[in-house]
Each structure stands twice: as structure tokens, then as C-alpha cells.
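Hi,

Here is the structure I promised to pass on. Have a look at it first, and then read my notes underneath.

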Amino acid sequence: MVPGSGWFDRFVTHHNSMIGDVGGGRLGRVERAFGGRWRAVAVTVVAAVVLVSCTGDRDGPDGDGFRAGSVDLGDPYVPGSGNGGYDVGHYRLAVRYDPADDRLTGHAEVTATATQPLSRFNLDLVGLDVSSVTVDGAPAKHRHADGELVVTPRQGLGPGSRFTVEVAYAGVPGAVADGVLGSGGFQHTDDGAIALGQPHSAATWFPVNDHPSDKATYDIEVTVPDGLAALSNGVPGERTSAAGWTTWRWAERSPMASYLTTLVIGDYRVQTGSHAGKPLVTAVPAGLPATGPEAASVARTGEIADFLAGRFGPYPFEAYGGVVVVDSRIGYALETQSRPVYGPGFFRTGEPNYAVVAHELAHQWFGNSVALARWGDIWLNEGFASYAEWLWEEHDGGQSAQRSFEQQYAATDWSRPTLDPGPGRMFSSAVYKRGALTVHALRRTVGDDAFFEILRTWTTERRDGTATTADFITLAERVSGRTLGPFFDTWLTGTAPPALP
Ligand SMILES: [Zn+2]
């Protein structure tokens with residue numbers, strides 16, 4: 001994620017604290033244009049954090065030793081999100097969307113494994129009307145309220161047993177306002193819809209275990225009126241048309257966190273090619289010039305991914321891509337898996353913006369392939385993606401990463417921690433900028449060879465999984481042969497400027 005303009009300064013207004021300047025780079029200049037919007041959103045966010053609470057059934061013993069799965073995963077950054085008692089392996093989604101009446105009809109097949117004796121379990125689903133639920137083909141009792149779909153199968157599910165839930169649902173999807181960045185999820189547009197958001201989006205268009213710690217593979221089938229594009233994650237499949245409707249098919253074969261799913265429907269100029277033997281699909285709105293800054297930026301996707309692969313290890317997914325949207329509500333760019341989505345603000349200068357492409361592509365390794373087990377570790381995503389902007393700038397003829405480090409070091413407010421920044425500060429400067437400082441300081445401390453070996457070992461050993469900050473520190477110590485606990489304490493959570501390495 002790269003938040004839009006003015007995002008970092010909203011904390012000055014609403015939390016009465018100082019955040020380091022982020023206006024130095026190409027992103028920063030663009031970001032200023034968005035200030036007022038995010039200040040308005042911030043009020044909603046603070047209110048939402050207070051008001052959101054868990055709903056649904058409590059954990060507790062049930063008949064024959066079977067118990068209800070927990071109604072959330074206890075992550076304080078996203079109260080109510082995610083569910084316990086099972087682990088999803090695969091989602092097979094088929095949705096039909098008609099922009100004319102904004103109505104979505106969906107069928108979701110969720111294949112999961114019980115991780116406890118399970119009498120009932122929850123899926124996250126915000127809005128929409130559920131018409132039927134089956135578990136392993138048998139009708140199951142279900143109740144849907146307050147974003148929780150509670151499913152009671154006819155029989156308890158033994159630990160380790162694999163089961164398939166099928167949910168039929170329909171309605172007019174709505175955005176969620178409790179995302180830390182404001183509005184997230186399924187949003188109707190002039191020509192279609194955009195489903196996007198961090199940490200909340202997926203549950204607005206399909207039933208899901210909505211937490212990054214439960215990654216799964218996906219088959220996504222989207223049926224839209226002929227003439228519209230329907231873009232999503234992963235490898236494109238066969239496209240078919242019948243009776244005025246076209247079905248687009250996508251397959252994400254690498255485990256994906258739910259917030260990394262996306263759906264972009266509308267009038268787009270779609271380019272399907274290949275890069276390094278894998279499909280590369282990019283799209284820009286048909287109304288934008290074919291040679292504009294948006295198209296020019298995503299056109300370097302393969303080249304920038306290759307540059308990053310030289311630093312981080314092999315590109316982790318089976319497809320490449322990028323989608324530009326022009327909706328003013330999308331005041332950010334997000335690293336949706338294998339196909340990031342870029343909001344319009346990043347191209348307002350009229351120049352291509354390769355820094356934001358480098359940032360979102362870096363997340364394919366840091367955040368997507370190696371995903372968060374808990375949101376408090378979000379610097380593992382944003383610190384490395386922000387650092388990738390410095391690496392790319394140096395590579396592309398701009399200033400050195402060392403110079404970026406020195407500038408940012410001088411501009412940083414050290415009173416805010418990078419690790420566990422607090423739910424309202426997931427997208428703050430302390431996570432992004434101080435996170436990048438920490439990454440470069442590690443490089444200076446252990447030396448280039450050990451540093452890049454740490455990054456490559458991390459992306460190899462943790463590929464397709466989840467991890468924590470403690471895991472990273474353990475691995476960095478093992479690879480470098482140094483004790484690094486005090487180093488990370490100082491750079492991630494210390495309140496005074498650390499000594500320069
Ligand atoms: Zn990011």
C-alpha cells in the first residue's frame with residue numbers, strides 16, 4: 001500500500017503529534033493533493049476503532065465435545081475480522097455483476113480443514129443476502145448478521161477433516177467504512193466497480209476468513225455485460241461470452257491473503273502479454289491516452305520486477321500485472337497479488353511514477369508471498385516496500401539509497417514506534433519511513449553480502465507463508481552470525497535517534 005497525499009499529516013491534526021515529512025520524493029509531491037479528503041476520513045476511522053466489537057457466537061463447549069470456532073482471531077488491529085476453528089485452503093468464486101443495477105450474484109465454494117472439533121463456524125460477509133449454505137453438499141443452518149455468517153453443519157466436523165462450504169448470495173454490495181484508510185471494499189463506479197482495500201475489502205463481495213494469517217488459493221470467475229473488462233488476481237483463464245454476458249476467469253495458485261484480492265470491472269484497455277515466461281496483464285481506463293503517464297508506468301512492470309528479483313530472489317508468483325483506476329475514492333495504490341491497483345493521484349504530475357510501481361511490486365515478496373501473521377508487524381511489508389523505492393531510484397539514475405537514508409533520518413520523528421504502531425497508525429510514517437530506515441541500517445550494520453543474503457533467505461524460506469518480526473530477527477541473526485536483538489529494539493521501538501551505523 002502507498003497511501004495518497006496528506007495521509008501522513010492527518011495525524012498532526014487528529015492525534016496532536018508530529019510525523020516526519022514525506023514530501024521529498026515523487027510520491028510525496030503527488031500525495032499532497034489529497035489532504036482534505038483524508039482528514040475527513042480520519043474522524044470516521046477513530047470512531048470506528050472504538051465502536052467495532054465482536055459479534056456472533058462465543059467460544060464454548062457444545063454437544064459431543066464439538067465447539068464453536070472463535071468469532072475472530074483476536075488481532076487488535078482488526079476486531080471482528082477472521083475466524084477460528086478452521087483453515088481455508090481454496091476459494092472458488094463465481095460472481096455476476098451488473099453495473100446497471102449494481103447487483104451482484106455470487107456463489108462461493110470454500111474448501112477448509114477443521115483445526116478443532118467444530119460444531120459451528122463463522123465466515124466474514126458484510127451485507128448481501130445469503131440464500132443457501134451447504135457443508136459437504138448437505139444443507140446447513142446459517143445466520144447472517146453484523147458481518148458474520150454463522151454456519152452450523154448438520155454434524156460436527158472432526159479436527160483435521162476437510163470440508164467444503166457452498167454459499168449462494170446476492171445483493172447490492174457496499175463499501176466498508178472501518179478500514180484504516182477509510183472506505184474499502186466493493187465500490188460502484190461510473191462504468192463498473194472496484195473491490196479493493198486494506199485491511200478490509202474481501203468480505204464485501206464474498207464469504208471469507210478475512211485475516212492474512214489464513215492464506216488460500218483462488219479461482220475467480222466474474223461475469224459482466226459484454227464489452228466490459230473484469231480484472232482480478234493471478235493467471236488469466238478462458239474468456240467466454242453468452243447472451244450478452246462475458247465471463248472472465250482468473251486463477252491465483254499461490255496462497256493469497258484475503259485483503260490482496262481485487263476485482264476491477266469497467267471500460268479498460270487490457271493488454272495481455274507475457275514476461276519471463278509468465279502472463280503479464282496490465283489495464284488502464286479506456287478513457288486515458290495510450291501513451292499517458294499511467295500506461296507508461298505500468299509498462300515497466302516486468303523490468304522493475306526483474307530489478308527487484310535481482311535483489312530479493314526469484315519473483316514469487318505465476319503472473320505479473322498492474323491496473324490503473326481513475327476513481328477519486330481510491331486515494332492509494334495497493335499491492336493486490338500479482339496485479340497491483342494504482343489510484344489516479346500518483347500520475348497527476350503528468351509524469352510516469354515508477355517509484356509507486358517499485359513499491360507495490362516489492363510487496364509481492366514482502367507482504368504477499370511472505371505475509372503477516374498479525375497486523376502489528378506491518379513494517380515487515382511497508383518498511384521493505386518503501387526501501388525498494390530507494391533501491392529503484394538509485395538504479396534508475398536518481399539519488400543513492402544512502403542519500404535517501406540520510407535525508408529521511410534527519411526528518412524522522414523518533415517518538416513513534418515502527419513495530420506495533422497501534423491500529424490507527426498502520427499506514428503512518430513510522431511504519432513506512434522509519435521502517436525503511438531500519439532496513440537500510442541493517443544493511444549498513446551487517447554489510448551488503450549478508451544483508452542481501454538475509455533478504456533472499458527470508459523470501460525463500462518463508463515463501464507462500466506468514467511470519468512475524470521475531471521470525472525475521474531470528475533469521476537475520478542466523479544468516480549474519482550476529483546478535484541483532486538490541487539493534488532491532490533501537491531502530492524499531494527506541495524513542496531517540498539511534499547512532500548511525
Ligand atoms: Zn505499501
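Below is what I found in it, starting with the metal site.

One thing to keep in mind throughout: this is a predicted model.

**The zinc site**

Start with the zinc ion. Its donors are Met-1, through both N and O, plus His-359 (NE2), His-363 (NE2) and Glu-382 (OE), with distances of 2.0 to 2.4 Å. Written as a sequence pattern, the donor residues are spaced M-x357-H-x3-H-x18-E. Met-1 sits in the segment before strand 1 (2-3) and His-359 belongs to helix 6 (residues 354-365), so this pair ties together parts of the chain that are 358 residues apart in sequence. How buried or exposed are these two? Met-1 is buried, at a relative accessible area of 0%, and His-359 is buried too, with a value of 0%.

**Three strands side by side**

Next, find strand 3 (residues 86-98) and strand 4 (residues 103-114). They run antiparallel and are joined by 12 bridges. If you want a place to line them up, Tyr-97 is opposite Leu-104 of strand 4. The two strands make a hairpin with 4 residues between them, and in that turn Asp-102 has a positive phi of about 60 degrees.

Strand 4 has another partner as well: it pairs with strand 10 (residues 162-171), again in the antiparallel sense, over 10 bridges. Here the pair to look for is Ala-108, which faces Val-167 in strand 10.

Asp-87 is worth a click while you are in this area. It is part of strand 3, and its C-alpha atom is 5.3 Å from that of Ala-112, although the two residues are 25 apart along the chain. Setting aside neighbours within four places in sequence, Asp-87 contacts Thr-111, Ala-112, Thr-113, Thr-115 and Asp-214. Asp-87 counts as partly exposed because its relative accessibility is 37%, which falls between the 20% limit for buried and the 50% limit for exposed.

**The nonpolar core**

Which residues have the most contacts inside the largest nonpolar core? They are Phe-121, Phe-163, Trp-205 and Phe-488, in a core of 137 residues. Helix 7 (residues 379-395) supplies the largest share of this core, 9 residues. The core also takes at least three residues from each of domain 1 (84-354) and domain 2 (377-493).

Phe-488 is a good one to zoom in on. Not counting residues up to four places away in sequence, Phe-488 touches Trp-379, Thr-438, Leu-442, Phe-472, Ile-473, Ala-476 and Thr-493.

**Some backbone details in loops**

Finally, three spots to check in the loops. The peptide bond from Gln-198 to Pro-199 is cis, with omega near 5 degrees. Pro-199 is in the loop that links strand 13 (193-196) and strand 14 (216-225).

The other two are positive phi values in residues other than glycine. Ala-243 has phi near 50 degrees and lies in the loop between strand 17 (240-242) and strand 18 (245-256). For Ser-338, phi is near 65 degrees, and this residue belongs to the loop between strand 23 (332-334) and strand 24 (341-342). Which of them is buried and which is exposed? Ala-243 is exposed, with a relative accessible area of 80%, whereas Ser-338 counts as buried, at 1% relative accessibility.

That's it from me. Enjoy looking around!

Methods. Residues are numbered from 1 along each chain as its sequence is written. This is a predicted model: local features need pLDDT of at least 70, side-chain atom pairs count only at pLDDT 80 or more; totals for chains, interfaces and linings use all residues. Side-chain values use heavy atoms; hydrogens and water are left out. Donors are N, O and S atoms within 2.8 Å of the metal (3.2 Å for Na, K and Ca); water is not among the atoms, so sites may look incomplete. Buried means under 20% relative accessible area, exposed over 50%, partly exposed in between (1.4 Å probe, protein chains only). Two strands pair if DSSP finds at least two bridges between them. A nonpolar core is a set of buried Ala, Val, Leu, Ile, Met, Phe, Trp, Tyr and Cys residues joined through side-chain atoms within 4.5 Å. Domain bounds come from an automatic or database domain assignment. Contact means heavy atoms within 4.5 Å.
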